[in-house]
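Subject: Structure for you to look at

Dear colleague,

Here is the structure that I promised to pass on, together with some notes on what was found in it. Please keep the sequence and the 3D view open while you read.

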Amino acid sequence: MLESYSYVIYTDVDTVWLEDPRPHFKGDFDVWMTLDEEIPTTFCTGFMALLPTSSTVDMLGTWDLELSKAPQLNQPIFNKLLHQKSLKVGKLDRQLFPSGDLYFGEEGVRSLEPQRD
């Protein structure tokens with residue numbers, strides 16, 4: 001699919017979009033993702049915007065191969081491979097693209113009320 005389109009947005013089924021995310025995909029990157037937790041090197045695979053670069057295609061192929069061995073470890077495998085590959089990742093703002101830890105944090109589910117300017 002990635003090789004058939006100019007970019008692909010992948011999201012988990014429990015993701016809610018309150019506005020068009022595309023304006024946030026800026027810079028010279030292969031993929032844009034949100035950080036998982038406050039660790040600056042661990043990414044959440046629940047939301048990804050991907051360009052069809054050779055690095056992205058290579059990474060996804062390797063990830064698919066590794067997932068066939070241990071499918072329940074998708075995010076740890078992705079992050080392990082990310083450090084072995086030359087994929088350029090743009091970090092999305094965690095307040096706008098929260099991972100589960102931030103969304104379901106200690107204070108409960110974030111308010112879904114739209115912010116007004």
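The four strands form an open sheet in the order β1-β3-β2-β4, with mixed pairing; strands and helices here are DSSP runs, E of at least two residues for a strand and H or I of at least four for a helix, numbered from the N terminus, and two strands pair if DSSP finds at least two bridges between them. The edge strands are β1 (8-11) and β4, each of which pairs on one side only. On average, neighbouring strands of this sheet are turned by 30° against each other, direction ignored, where axes are lines fitted to C-alpha atoms (for helices over the stretch in contact) and angles run from 0 to 180 degrees between N-to-C directions.

Before going further, please note that this is a predicted model, in which local features need pLDDT of at least 70 and side-chain atom pairs count only at pLDDT 80 or more, while totals for chains, interfaces and linings use all residues. Residues are numbered from 1 along each chain as its sequence is written, and side-chain values use heavy atoms, with hydrogens and water left out.

As a whole, the protein chain has three helices and four strands, which follow the pattern β-β-β-α-α-β-α along the sequence. Of its 117 residues, 33% count as buried, meaning under 20% relative accessible area, as against exposed at over 50% and partly exposed in between (1.4 Å probe, protein chains only). Among the contacts in the chain with a separation of 6 or more, 58% are between residues 24 or more positions apart, a contact being heavy atoms within 4.5 Å.

Within the sheet, β2 (31-35) deserves a separate word. Five of the five residues of β2 are buried, so this strand is largely enclosed by the rest of the structure. With β3, strand β2 pairs in the antiparallel sense over five bridges, and L35 stands opposite F43 in β3. With β4, strand β2 pairs in the parallel sense over four bridges, and there the bridge partner of T34 is L92. As general background, strands of a sheet pair through backbone hydrogen bonds, either parallel or antiparallel.

Helix α2 lies across β2, β3 and β4, running at about 65° to β3. In this helix, which covers residues 74-82, the buried residues are Q75, I77, F78, N79, L81 and L82, and they pack against β2, β3 (43-50), α1 (54-67) and β4 (89-92).

Two polar residues of α2 may be worth a look in the viewer. Which residues does Q75 contact, leaving aside its neighbours within four places in sequence? They are D36, F43, C44 and T45, and the side chain of Q75 reaches the backbone nitrogen of T45 at 3.0 Å; a polar contact is a pair of N or O atoms within 3.5 Å, where within protein one must be able to donate a hydrogen and the other to accept it, and residues adjacent in sequence count only if both atoms are side-chain atoms. Q75 counts as buried because its relative accessibility is 19%. N79, also in helix α2, counts as buried at 7% relative accessibility. N79 touches T41, T42 and F43, not counting residues up to four places away in sequence, and the C-alpha atoms of N79 and F43, which are 36 residues apart along the chain, are separated by 6.5 Å.

Finally, the structure holds six aromatic pairs, defined as rings of Phe, Tyr and Trp (its six-membered ring) whose centres lie within 6.5 Å, with planes under 30 degrees apart counted as stacked, over 60 as edge-to-face and the rest as tilted. The rings of F47 and F97 have their centres 5.2 Å apart and their planes at 45°, so this pair is tilted. Because F47 lies in strand β3 and F97 in the loop between β4 and α3 (100-103), the pair ties together parts that are 50 residues apart in sequence. F47 is buried, with a relative accessible area of 6%, and F97 counts as buried at 12% relative accessibility. Ring pairs link W17, F25, F29, W32, F47 and F97 into a cluster.

With best wishes
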